[in-house]
Amino acid sequence: MENARACFGVCTIQDQFIYVFGGLNGNTMLDSIERFDDLLQTWLMIEVLLPSPICKLGCLCLSPFGMFKSCMLIGGILEGQNRSNKVTVFECEHLTFTDFPAMQKSRSFNPNSGTAVIDSS
């Protein structure tokens, strides 16, 4: 990993890639994205940045729902310690972001909590 970080969001894609979003490096909030490739055993800094620096966000993989190679980023804490109600999807193949309808209430996630997907098919 290029940047030391804590309180980041993490998502796995296709049992090969681990994407790490934002987080904290000391007192600095990050807007970077890094990817670990389990086959090559290498880290790569993704060339696009998050829309804003963020930490303590929830992340989940949308691949089970037909959105190939996508991670949903949920809530988090923005600079200024403001909680976010944003829901954004990061499309890993094209490196693009799509905003989804915002949550009614702002949310952040403790480093000891997480998000999960249950495939009910």
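Accessible areas here come from the Shrake-Rupley method with a 1.4 Å probe. On that basis, the chain in this predicted model exposes about 7,100 Å², of which carbon and sulfur atoms supply 51%. The chain has 121 residues, and buried residues make up 39% of them. Its secondary structure comprises 13 strands and zero helices.

**Overall architecture**

- From the N terminus on, the order of elements is β-β-β-β-β-β-β-β-β-β-β-β-β.
- Among contacts in the chain with a separation of 6 or more, 39% link residues that lie 24 or more positions apart.

**Nonpolar cores**

- The largest nonpolar core contains 16 residues, and Ile13, Tyr19 and Phe21 have the most contacts inside it.
- Two or more residues of this core are given by each of strand 1, strand 2 (17-21), strand 8 (58-61) and strand 9 (70-74).
- Strand 2 provides the largest share, with three residues.
- A second, separate core has eight residues, including Leu60, Ile74, Val89 and Phe109.
- Leaving aside residues up to four places away in sequence, Tyr19 touches Gly9, Val10, Cys11, Ile13, Ile33, Glu34, Arg35, Ile46, Phe90 and Cys92.

**Glu34, a buried acidic residue**

- Glu34 belongs to strand 5, which spans residues 33-37.
- Glu34 counts as buried because its relative accessibility is 0%, and the cut-off for buried is under 20% relative accessible area.
- The Glu34 side chain reaches two backbone nitrogens: that of Glu2 at 2.7 Å and that of Asn3 at 3.0 Å.
- Beyond residues up to four places away in sequence, the contacts of Glu34 include Met1, Glu2, Asn3 and Arg5.
- Glu34 also touches Ile18, Tyr19 and Val20, as well as Trp43, Leu44, Met45 and Ile46.
- Tyr19, one of the residues with the most contacts inside the largest core, is thus among the residues that Glu34 touches.

**Nonpolar surface patch**

- Phe8, Val10 and Ile18 make a nonpolar surface patch of about 210 Å².
- Val10 lies in strand 1, residues 9-13.
- Val10 has a relative accessible area of 42% and is therefore partly exposed, since this class lies between the buried limit of 20% and the exposed limit of 50%.
- Two members of the patch also appear in the contact lists above: Val10 touches Tyr19, and Ile18 touches Glu34.

How values were computed: Residues are numbered from 1 along each chain as its sequence is written. This is a predicted model: local features need pLDDT of at least 70, side-chain atom pairs count only at pLDDT 80 or more; totals for chains, interfaces and linings use all residues. Side-chain values use heavy atoms; hydrogens and water are left out. Patches are made of residues with over 30% relative accessible area and no salt bridge: like charges are joined within 9 Å, nonpolar side chains (Val, Leu, Ile, Met, Phe, Trp, Tyr) within 5 Å. A salt bridge is a side-chain nitrogen of Lys or Arg within 4 Å of a carboxyl oxygen of Asp or Glu. Helices (H or I, at least four residues) and strands (E, at least two) are DSSP runs, numbered from the N terminus. Buried means under 20% relative accessible area, exposed over 50%, partly exposed in between (1.4 Å probe, protein chains only). A polar contact is a pair of N or O atoms within 3.5 Å; within protein, one must be able to donate a hydrogen and the other to accept it, and residues adjacent in sequence count only if both atoms are side-chain atoms. Contact means heavy atoms within 4.5 Å. A nonpolar core is a set of buried Ala, Val, Leu, Ile, Met, Phe, Trp, Tyr and Cys residues joined through side-chain atoms within 4.5 Å.
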